[in-house]
Every structure is written in C-alpha cells, then in structure tokens.
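Subject: Structure handover

Hello,

Here is the structure for you to look over. My notes on what turned up follow below it.

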Amino acid sequence: MGARKPATDVKEQRKILSLGQIMAYIMLSLGAIVMIGPFLWVISTSLKSYSELMLRPFAMLPEKVAWHNYPEVFKVVPFLVYIWNTAKISFLCITGVLITSSMAAYAFARLRFPGRELLFVAYLATMMVPRQVTLVPIFVLMRDFKLLDTHTALILPGLVSAYGTFLLRQFFLTLPKELEEAATIDGCGYIGRFTRVILPLSKPALATLG
C-alpha cells in the first residue's frame with residue numbers, strides 16, 4: 001500500500017482548487033456582464049424619452065422612466081401584424097419541411113430505385129449553393145407565378161430542405177429493418193410502414209429538425 005499524503009498537502013491542494021474556482025467564477029462573471037450589458041442598454045434606451053435619448057444616448061439609467069413608449073410603439077408600428085405574419089409563415093414552413101423531408105428521407109433510406117445514390121448526391125449538392133445565388137431565380141419564379149407581394153412567395157421556397165432530408169435519412173438508417181418487415185407481414189405497405197412505424201420512432205429527429 002502506498003503512503004498516505006500528509007494532511008497539509010491535501011489542504012494546500014484544496015486551497016489551490018478553491019482559488020482556481022474563485023478565479024474562474026470571476027472571469028465568468030465578467031464575461032456575463034460584458035454579454036448582458038448590451039441587453040440592459042437596449043432596455044434602458046427603450047425607457048427614455050426622445051429628447052433624453054438624443055442628449056444622453058449612452059446613459060444606462062434614464063432620468064425619467066417613460067413607460068408610455070411601449071404602448072406608443074404598437075400604435076406607430078403594427079408589431080402584432082408582424083408577429084402574426086412571422087408565426088404563420090414559420091409554422092407553415094416548418095410543417096412543410098417536416099413533411100417533405102421525412103418523405104424524401106424515407107425514399108432515400110428504404111426504397112430501392114435506379115439512380116438513388118446519384119440522385120441523393122445531387123440533392124445534397126444543392127447545400128453547397130449559397131442562398132444569395134438563388135435569390136434572383138426565386139424572385140423571377142415568383143414573379144412569373146404572379147405571387148409577388150404575397151406570403152405564398154415566402155412559404156413555397158421554404159417547404160423543402162436538403163439538410164432536413166439528409167438529417168432524417170441518416171436517422172432512418174439507424175432504425176431496425178425488422179420492424180418494417182414485421183409491419184409488412186401484418187399487411188402494411190410503404191405508406192403504412194412510413195406512418196405507423198418510421199414516423200412514431202422518429203419523434204426526436206423530427207423535433208430536432210423542427
């Protein structure tokens with residue numbers, strides 16, 4: 001058996017450890033202050049009057065709290081409309097991506113058809129195309145379809161996702177094929193296996209993608 005360390009050494013190690021912890025907490029606290037500072041400044045600015053904002057733009061505390069700024073901003077700018085539009089478009093895009101990506105991923109993961117691997121590689125290659133490159137073509141398409149200045153023009157391009165298809169395909173490949181074989185014996189076709197076996201087991205992946 002090895003010799004026990006003296007109690008003094010243990011105490012010194014504890015002191016060094018506690019000192020390191022104190023320094024770590026100090027550094028983390030300073031970092032938190034630096035990160036939260038801009039948010040506090042934004043809140044403070046929102047509670048200033050226009051004249052005070054012009055005279056004291058960098059003051060952290062307003063001289064007189066202007067609570068009326070918040071109801072006033074909803075009168076000047078229709079934020080509720082903006083929030084509703086954002087929620088509607090986001091919900092429809094997320095729902096569309098989950099549907100199209102899961103169906104495409106199932107086809108690439110389980111179905112056998114000529115050129116499957118080549119088509120999948122070509123589909124993934126679209127991820128390398130910057131979104132700025134597709135901006136003008138998408139605008140031209142929406143113009144030709146008479147969809148300019150509509151929410152549909154924002155929703156349609158966001159209904160598909162090559163990344164989502166890749167993510168779900170990789171997850172589907174980890175699911176045991178025996179479960180689908182059992183469903184096939186029970187009389188399920190492709191749609192039945194997809195909706196009754198694959199999707200219920202893919203809730204974590206679908207939630208991650210969503």
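**Aromatic rings and helix packing**

Phe113 is partly exposed, with a relative accessible area of 30%. Bear in mind that this is a predicted model.

Phe113 has a ring partner in Phe108. Their centres are 6.4 Å apart and their planes meet at 45°, a tilted pair. Phe108 is buried, at 8% relative accessible area. The cut-off for buried is under 20%, so Phe108 qualifies and Phe113 does not.

Both rings belong to one aromatic cluster. Its members are Phe108, Phe113, Phe120, Tyr123 and Phe166.

The search of the whole structure gave 7 aromatic pairs. One of them joins Tyr106 and Phe194, with 5.2 Å between the ring centres. The planes of Tyr106 and Phe194 are at 45°, so this pair is tilted. Tyr106 sits in helix α4 (residues 79-110), and Phe194 sits in helix α10 (residues 190-201). The pair therefore ties together parts that are 88 residues apart in sequence. Tyr106 is buried, at 5% relative accessible area. Phe194 is buried too, at 11%.

**α5 against α8**

Next, the helix pair. Two packed helices are described by the angle between their axes and the distance between the axes. Helix α5 covers residues 116-125, and helix α8 covers residues 162-172. They pack at an angle of about 130°, and their axes are 9 Å apart. That makes α5 oblique to α8; the label follows because angles over 145 degrees would be needed for roughly antiparallel, and 65 to 115 for roughly perpendicular.

Which residues of α5 and α8 meet? From α5 come Glu117, Phe120, Tyr123 and Leu124. From α8 come Ala162, Thr165, Phe166 and Arg169. By class, the contact has 5 nonpolar, 1 polar and 2 charged residues.

Phe120, Tyr123 and Phe166 appear in this contact, and they are also among the members of the aromatic cluster. Arg169 has a role in the geometry here as well: it lies over the face of Phe120, at 4.2 Å from the ring centre.

Leu167 is another residue of helix α8. Leu167 is partly exposed, with a relative accessible area of 24%. Its C-alpha atom is 8.8 Å from that of Ser101. Along the chain, Leu167 and Ser101 are 66 residues apart.

**The loop between α6 and α7**

Where does Lys146 lie? It is in the loop between α6 (131-144) and α7 (152-155). Lys146 has a positive phi of about 60°, although it is not a glycine. Lys146 is exposed, at 71% relative accessibility.

Asp149 is in the loop between α6 and α7 too. Its phi is also positive, near 60°, and Asp149 is not a glycine either. Asp149 counts as exposed, at 84% relative accessibility.

**One long separation**

Ile191 lies in helix α10, the helix that holds Phe194. Is Ile191 buried or exposed? Ile191 is exposed, with a relative accessible area of 67%. The C-alpha atoms of Ile191 and Leu135 are separated by 35 Å. Along the chain, these two residues are 56 apart.

**Where to start**

Open the view on Phe120, with Arg169 over its ring face. Then go to Tyr106 and Phe194, the tilted pair. Finish at Lys146 and Asp149, in the loop between α6 and α7.

Best wishes

Key. Residues are numbered from 1 along each chain as its sequence is written. This is a predicted model: local features need pLDDT of at least 70, side-chain atom pairs count only at pLDDT 80 or more; totals for chains, interfaces and linings use all residues. Side-chain values use heavy atoms; hydrogens and water are left out. Axes are lines fitted to C-alpha atoms, for helices over the stretch in contact, and angles run from 0 to 180 degrees between N-to-C directions. Helices (H or I, at least four residues) and strands (E, at least two) are DSSP runs, numbered from the N terminus. Angles under 35 degrees count as roughly parallel, over 145 as roughly antiparallel, 65 to 115 as roughly perpendicular and the rest as oblique. Contact means heavy atoms within 4.5 Å. Ala, Val, Leu, Ile, Met, Phe, Trp, Tyr, Cys and Pro count as nonpolar, Asp, Glu, Lys and Arg as charged, and the others, Gly among them, as polar. Rings of Phe, Tyr and Trp (its six-membered ring) pair if their centres lie within 6.5 Å; planes under 30 degrees apart count as stacked, over 60 as edge-to-face and the rest as tilted. Buried means under 20% relative accessible area, exposed over 50%, partly exposed in between (1.4 Å probe, protein chains only). A charge sits over a ring if NZ of Lys or CZ of Arg is within 6 Å of the ring centre and within 35 degrees of the ring normal.
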